[in-house]
Amino acid sequence: MKINILKHFIFAAALLLVTVVQAQNTIGGQAKIVPEAEVDRQSAFVDAERERILGHLDKAVGLYKKFVYDNPDNGAAWYGLSRAYFAQNDLANATDAIGKAISAEPDNTWYQIFQADVYEKTGRTKDAVKIYENLVKRAPQTIEFLEHLAYLQVLAGDPENGLRSLDKLEKLTGIEEETSLEKHMIYVGMGDDKKAALELRKLADAYPARLEYRHRLAAYYDTMGDKANAKAVYEDILRRDPNDKVAKLAALDKSKNSTDAEYLETLKPLFGDPKISIDAKIKEILPYFPKLDAGNDAMLTQNLLDLGVLVEKAHADDPKAWSLSGDLFYHANRLDEALEKYRQCIRLSPNVFSVWENTLDILQQQKNYSEMLRVAEQAIDAFPNQPKAYYSFGLAAIEKGRYDDAISQLEQAMLMSGNNLPLRLDLADQIGLALLGKKDVDTAIARYEQVLQKGGDKHPGILEHYGDALFQSGQNRKALEYWQKANAIRKSPALEQKISSGKL
């Protein structure tokens with residue numbers, strides 16, 4: 001229906017144009033009759049415009065080409081033809097046509113703007129910059145020209161001039177969020193952290209009531225590692241709003257607490273508050289993971305786990321809360337609890353592969369191969385380009401006796417693993433195991449021998465399982481040699497038993 005309305009509108013507009021042309025009989029106070037040829041010419045142009053607007057681009061191009069053949073000096077027709085070509089992504093012809101439009105009407109601003117768009121699309125960014133530099137000279141007060149000139153200058157690899165254009169813009173408009181953030185990002189890209197921070201500070205000072213600008217400044221100081229300035233900004237926020245809970249969390253003085261564990265204890269009321277952003281809480285906890293891994297401080301461990309549970313309750317619908325809590329329990333080697341957290345995270349959002357990876361690792365450690373197989377299948381569906389998901393499937397499938405399924409997925413993972421040598425060796429090891437499971441000993445030996453000179457001679461799994469394959473083929477002495485090599489790299493009771501008894 002909308003298309004029909006548009007057709008009626010264009011048809012009515014065309015009739016109106018023709019009517020006006022025919023009825024215009026008083027020019028300069030004298031009666032005039034417009035020639036029929038002129039009416040036909042105007043009608044032909046309207047037909048071309050109509051077809052372009054309706055999206056009938058091939059037809060529009062044909063009509064425009066016929067019109068400019070008869071009217072080669074008509075800039076509007078060349079402009080319309082260029083727009084039709086551009087819509088078809090025929091950039092070469094669009095460039096040629098807009099050039100002819102500008103030759104016909106060199107002072108037409110709209111033609112120049114469109115020519116810059118064509119140049120930008122074709123990668124001629126510096127040519128687009130020249131056009132906008134000329135537009136700014138002609139209309140230095142036009143904000144849109146300065147904005148786009150700055151963008152093009154940065155795109156063309158000239159951030160210094162981009163900044164100058166933004167400075168000119170700022171003189172016209174005053175300090176505004178969009179301009180300040182653009183200048184900030186340019187300085188970040190140039191590696192000038194001090195000037196990048198200065199732009200955020202200028203913005204915050206220009207709008208003292210907008211505390212989010214001060215939060216942005218403090219967060220940037222944090223990313224710079226400038227803790228002193230970050231803390232000063234958070235303290236300034238608290239002077240303006242004593243109830244700002246993010247600032248309260250960030251401005252806490254750790255030095256006043258005798259231990260990390262005691263400091264973490266003070267965070268519990270803040271971590272239980274859903275009004276404080278989860279990202280601020282995660283940022284506060286991240287530095288403690290190495291100490292959690294060390295496992296030397298039972299009180300610190302318990303307080304970190306308690307904080308994770310508080311985050312769960314405060315942000316129950318946020319998968320990041322369950323991921324954080326799961327990671328805390330995982331690093332504390334509390335695998336059963338970690339698994340439950342990860343399961344909930346996956347239920348809420350299956351889009352973080354590290355959560356799947358840790359889940360599969362836990363299931364493998366628990367020897368829960370049935371669930372591992374099911375979760376690995378889900379991980380492959382969610383991340384079809386992650387070879388580790390296929391590896392986990394293969395490992396679980398071998399344990400469940402599904403050797404052909406395992407080989408199929410492991411071979412797929414091998415194709416995806418690229419130059420990741422450790423993963424390729426793990427995959428080769430599992431493929432050999434699956435072949436042994438099928439009693440295809442000769443093929444397993446051949447596969448292991450293919451990788452022994454490609455790093456496999458340093459892989460304890462490959463050495464051990466190559467020994468198994470040799471033993472099954474009756475090469476007991478050689479099997480013992482490879483078991484001993486494997487045991488020298490990674491000792492295990494199972495290997496010790498094979499070596500001492502000389503059998504699997």
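This text walks through some aromatic rings, helix pairs and loop residues of the structure above.

The model is predicted, so local features need pLDDT of at least 70 and side-chain atom pairs count only at pLDDT 80 or more, while totals for chains, interfaces and linings use all residues. Residues are numbered from 1 along each chain as its sequence is written, and side-chain values use heavy atoms, with hydrogens and water left out.

Let us begin with the rings. A search of the whole structure finds 11 aromatic pairs; rings of Phe, Tyr and Trp (its six-membered ring) pair if their centres lie within 6.5 Å, and planes under 30 degrees apart count as stacked, over 60 as edge-to-face and the rest as tilted. One of these is the edge-to-face pair of Tyr207 and Tyr213, with 5.9 Å from centre to centre and 70° between the planes. Tyr213 is buried, at 4% relative accessible area, whereas Tyr207 is partly exposed at 30%. Here buried means under 20% relative accessible area, exposed over 50%, and partly exposed in between (1.4 Å probe, protein chains only).

Why is the pair of Phe353 and Phe383 edge-to-face? The ring planes of Phe353 and Phe383 stand at 65°, with centres 5.2 Å apart, so the pair earns that name. Phe353 belongs to helix H22 (residues 353-365), and Phe383 to the loop between helix H23 (369-382) and helix H24 (387-399), so the pair links distant parts of the chain, 30 residues apart. Helices (H or I, at least four residues) are DSSP runs, numbered from the N terminus. Phe353 is buried at 10%, and Phe383 is buried at 16%.

Rings can also gather in groups or meet charges. Tyr79, Phe86, Tyr111 and Phe114 form one aromatic cluster. Over the face of Phe86 lies Lys121, 5.2 Å from the ring centre. A charge sits over a ring if NZ of Lys or CZ of Arg is within 6 Å of the ring centre and within 35 degrees of the ring normal. Likewise, Lys485 has its charged end over the ring of Tyr482, 4.6 Å from the centre.

Tyr482 and Lys485 bring us to a helix pair, since both are among the H29 residues that meet H28. The axes of H28 (residues 460-472) and H29 (residues 476-489) come within 8 Å and cross at roughly 165°; axes are lines fitted to C-alpha atoms, for helices over the stretch in contact, and angles run from 0 to 180 degrees between N-to-C directions. That crossing makes H28 roughly antiparallel to H29 (under 35 degrees counts as roughly parallel, over 145 as roughly antiparallel, 65 to 115 as roughly perpendicular and the rest as oblique).

A second helix pair is H10 (residues 177-190) and H11 (residues 193-206), whose axes come within 7 Å and cross at roughly 165°. H10 is therefore roughly antiparallel to H11.

Now return to helix H23, where Glu371 lies. Is Glu371 buried or exposed? At 13% relative accessibility, Glu371 counts as buried. Glu371 touches Arg343 and Leu363, leaving aside residues up to four places away in sequence; contact means heavy atoms within 4.5 Å.

Finally, look at the loops. Most residues other than glycine have a negative phi. Lys367 has a positive phi of about 60°, and its place is in the loop between H22 and H23. Lys439, with a positive phi near 65°, is in the loop between helix H26 (421-437) and helix H27 (441-452). Lys367 is exposed at 61%, and Lys439 is exposed at 66%.

Note on methods. Helix = DSSP H or I, 4+ residues; strand = E, 2+ residues; numbered from the N terminus.
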